Amino acid sequence: MNPEEDGPKRTLTARVVKVLVHQRHERGMSLEPHASRCVRAGDVHELVTTDHVETASGARIDRVAFLGFAEFGQGGVIDRGDLLRIGDRFVGTVLGFDACHFPNHYNILVHTDTPLSGGDLGLRPEAELSFAQTPEAAVVASRVGLSAHRRGF
């Protein structure tokens with residue numbers, strides 16, 4: 001979230017279409033340089049949790065657990081730092097993206113204290129999940145938007 005460029009955004013929702021239950025300790029994913037990615041209605045992307053914290057472009061991500069694949073019901077933007085919830089349960093924050101399978105799908109990397117798979121969370125097909133701005137980012141974005149509105153934009 002860059003408060004000088006980013007305003008408020010919609011919360012994106014998706015539904016689980018396939019649950020994954022495995023973990024890897026030497027996965028070798030590579031963090032994309034982009035802090036955000038657009039998704040289109042109907043896109044399916046893979047959700048992967050990790051305890052890594054590096055956000056530098058090309059950072060190697062090894063310790064991962066796979067949640068599953070999710071289909072997005074509407075278009076929007078996912079940003080590094082967005083909060084991932086499954087139902088009302090907080091899961092983690094978006095760390096970034098790995099594009100090793102793109103254009104088929106992105107791996108959306110989610111930071112958690114320990115890598116958690118779909119099996120660890122009891123995930124089921126059709127479970128609803130959401131990606132939302134952090135409350136702090138939403139407040140900053142609202143203030144920036146309010147300031148722009150007062151200037152006549």
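**Pro103 and its peptide bond**

I began with Pro103, which sits in the loop between β10 and β11. The model is predicted, so I kept to its computed values. I looked up the peptide bond from Phe102 to Pro103 and found it cis. Its omega is near 20°. I noted beside it that most peptide bonds are trans.

**Glu126**

Next I went to the loop between β11 and β12, where Glu126 lies. What is the sign of phi at Glu126? It is positive, about 80°, although Glu126 is not a glycine. For background, most residues other than glycine have a negative phi. I then checked the accessibility of Glu126. It counts as exposed because its relative accessibility is 52%, and the cut-off is over 50%.

**Ser117**

I stayed in the loop between β11 and β12 for Ser117. Buried or exposed, I asked of Ser117? Ser117 is buried, as its relative accessible area is 2%. I listed what Ser117 touches, leaving aside neighbours within four places in sequence. The contacts are Leu20, Val21, His22, Ala65, Phe66 and Leu67. I also took one C-alpha distance. Ser117 and Val19 are 98 residues apart along the chain, yet their C-alpha atoms are separated by 8.6 Å.

**Nonpolar cores**

I turned to the largest nonpolar core and read off 22 residues. Those with the most contacts inside this core are Phe72, Ile78, Ile108, Leu129 and Phe131. Which strands each supply at least two residues of this core? I wrote down β1 (12-19), β7 (64-72), β9 (83-86), β10 (89-98), β11 (107-111) and β12 (128-132).

I picked Ile108 for a closer look. Not counting neighbours within four places in sequence, Ile108 is in contact with His45, Glu46, Leu47 and Val48, among others. The list for Ile108 also includes Phe72, Ile78, Val94, Gly96, Phe97 and Phe131. Of these, Phe72, Ile78 and Phe131 are again among the residues with the most contacts inside the core.

Apart from the largest core lies another one, of 11 residues. I noted Leu31, Ile61, Val64 and Leu95 among them.

**Glu32**

I found Glu32 in the loop between β3 (29-30) and β4 (36-39). Glu32 is buried, yet has no salt bridge. Which side chain of opposite charge is nearest to Glu32? It is Arg37, at 5.5 Å. That pair does not count as a salt bridge because the cut-off is 4 Å. I then looked at what surrounds Glu32. Setting aside residues up to four places away in sequence, Glu32 touches Ser57, Arg80, Phe97, Asp98 and Ala99.

**Salt bridges**

How many salt bridges does a search of the whole structure find? The search gave six. I followed up some of them.

Lys9 forms a salt bridge with Asp79, and the closest N and O atoms are 2.7 Å apart. This pair links distant parts of the chain. Lys9 is in the segment before β1, and Asp79 is in strand β8 (residues 76-79), 70 residues apart. I checked accessibility at both ends. Lys9 counts as partly exposed, at 23% relative accessibility. Asp79 counts as buried, at 13%.

Asp82 also forms a salt bridge with Lys9, with the closest N and O atoms 2.5 Å apart. This pair spans 73 residues, with Asp82 in the loop between β8 and β9 and Lys9 in the segment before β1. Asp82 is buried, with a relative accessible area of 3%.

I then moved to Asp62, which forms a salt bridge with Arg60. Their closest N and O atoms are 2.8 Å apart. Asp62 is buried at 14% relative accessible area, whereas Arg60 is partly exposed at 48%. I closed this entry with the shared partners: salt bridges join Lys9, Asp79 and Asp82 into one network.

**Cysteines**

Last, I looked for disulfides and counted zero. I checked the accessibility of two cysteines. Cys38 counts as exposed, at 61% relative accessibility. Cys100 is partly exposed, with a relative accessible area of 45%.

Key: Residues numbered from 1 in each chain as written. Heavy atoms only, no water. Core = buried A, V, L, I, M, F, W, Y, C linked by side-chain atoms within 4.5 Å. Buried < 20%, exposed > 50% of the residue type's maximum accessible area, 1.4 Å probe, protein only. Helix = DSSP H or I, 4+ residues; strand = E, 2+ residues; numbered from the N terminus. Contact = heavy atoms within 4.5 Å. Disulfide = S-S within 2.5 Å. Lys, Arg positive; Asp, Glu negative; His and termini not counted.
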